[in-house]
Amino acid sequence: MSSTELPSVPPTSALPKAAAVRVAEGERLRSVGLPGVTLTVRSRPPARAGLPPALYVHGLGGSSQNWSALMAALDGSVASEAVDLPGFGDSPPPDDGDYSVTAHARAVIRYLDAAGRGPVHLLGNSLGGAVSTRVAAVRPDLVRTLTLVSPALPELRVQRTAVPTGLVGLPGVAALFSRFTREWTAEQRVRGVMGLCYGDPGRVSPDAFRDAVHELERRLQLPYFWDALTRSTRGLLSAYTLGGQHGLWRQAERVLAPTLLVYGGRDQLVGYRMAQRSARAFRGSRLLTLPDAGHVAMMEYPETVARAFRELLADTTAATETPGG
């Protein structure tokens, strides 16, 4: 193995079982086996029959738990499900070790095809925003509306605060960082992540902080934790370099689904200035800007994001019920 290669990960069947994943009140977890991947899906029982389906896709280093607050806020509007992408949350690594944006999008498509729930209202944050953009572009039949919270789309001038995250994708950096931070407690790590992702970390409740620490402690026990993070970061950076019809901005222009874009003014990972470019790229899109939000507006201001989504849902439903709409 060359010095630039990542260590191999044992087969899923040989991986040790970490502590149980926390499930919020009203949520359920289930495991879904698909060709090449096994996905953990978090869901909330629909408040009533006949609600339209929604699927949520988390960001880099996150999990389906990132959507719990928004899923609860949208009870009565949609039937919510959130996936743990391969190697994240409670989903094991993909069989082929492929963590590219295309591979993540393929996993989402395989789940939607197998579940037969489409077209869904698809929501994505950060890396999940890039994945959802690709899904909507290549499989428009699966996507009713698209909601993107701080989507990780290519930027020519990356913010300095985002550079350390990108460096994780470079060969050897993750292992070096792991050794350097070996003595850090889970609490210290979580405070650092929240300081980077939240516009105001003070908005995090003690319960939410404790749950985040518990989840990180669980994830750090997994032998593939750094591998999944490193390879997904590398996959995202590789997607930034693609041109032509496979470029993310070109695919954004191909999206047909009505789109809601959400950007935070204090986002340290995705530039606030990208909001206007995104609004131009996604045809007929609507833009919600939250000056005090950071990178995870659906966790910081779930009611505000839910209200904007419900407006999108209502307008889209009205358009389909109008003759010729």
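Here are a few exercises on this predicted model, each with a worked solution.

Residues are numbered from 1 along each chain as its sequence is written. In this predicted model, local features need pLDDT of at least 70, side-chain atom pairs count only at pLDDT 80 or more, totals for chains, interfaces and linings use all residues, and side-chain values use heavy atoms, with hydrogens and water left out.

**Exercise 1: the sheet**

Work out the order in which the 8 strands sit in the sheet, and find which strands stand at the edges.

Solution. Start with the inventory: the protein chain has 12 helices and 8 strands. Both are DSSP runs numbered from the N terminus, helices being H or I with at least four residues and strands E with at least two. Two strands pair if DSSP finds at least two bridges between them. Going across the open sheet, the order reads 1-2-4-3-5-6-7-8, with mixed pairing. Strand 1 (28-34) and strand 8 (286-290) are at the edges with a single partner strand each, so one side of each has no neighbour in the sheet. From one strand to the next, the twist averages 20°.

**Exercise 2: strand 5**

Is strand 5 enclosed or open, and which strands does it run parallel to?

Solution. Take burial to begin with. Buried means under 20% relative accessible area, exposed over 50%, and partly exposed in between (1.4 Å probe, protein chains only). In strand 5, 6 of the 6 residues are buried, so the rest of the structure largely encloses it. Val120, Leu122 and Gly124 point one way, while His121, Leu123 and Asn125 point the other.

Next, the partners. Strand 3 runs parallel to strand 5 and is joined to it by 4 bridges; Val57 stands opposite Gly124 there. Strand 6 also runs parallel to strand 5, through 6 bridges, and His121 has Thr145 as its bridge partner in strand 6.

Finally, look at what covers it: helix 3 lies across strand 3 (53-57), strand 5 (120-125) and strand 6, at about 145° to strand 5. That angle is taken between N-to-C directions on a 0 to 180 degrees scale, with axes fitted to C-alpha atoms, for helices over the stretch in contact.

**Exercise 3: a buried arginine**

Find what the side chain of Arg134 has a polar contact with.

Solution. Locate Arg134 in helix 3 (residues 127-138). Then check for a salt bridge, meaning a side-chain nitrogen of Lys or Arg within 4 Å of a carboxyl oxygen of Asp or Glu. Arg134 is buried but has none; Asp98, the nearest side chain of opposite charge, is 9.5 Å away. For opposite charge, Lys and Arg count as positive and Asp and Glu as negative, with His and the chain ends not counted.

Now try polar contacts: N or O atoms within 3.5 Å, where within protein one can donate a hydrogen and the other accept it, and residues adjacent in sequence count only if both atoms are side-chain atoms. The side chains of Arg134 and Thr102 make one at 2.9 Å. Leaving out residues up to four places away in sequence, Arg134 also touches others, including Val101, Leu242 and His246, a contact being heavy atoms within 4.5 Å.

**Exercise 4: a salt bridge between loops**

Which parts of the chain does the Arg44 and Asp75 pair tie together?

Solution. The two side chains meet in a salt bridge at 2.9 Å, N to O. Arg44 is in the loop between strand 2 (37-43) and strand 3, and Asp75 in the loop between helix 1 (68-73) and strand 4 (79-84), so the pair ties together parts 31 residues apart in sequence. Arg44 is buried at 13% relative accessible area, whereas Asp75 is partly exposed at 36%.
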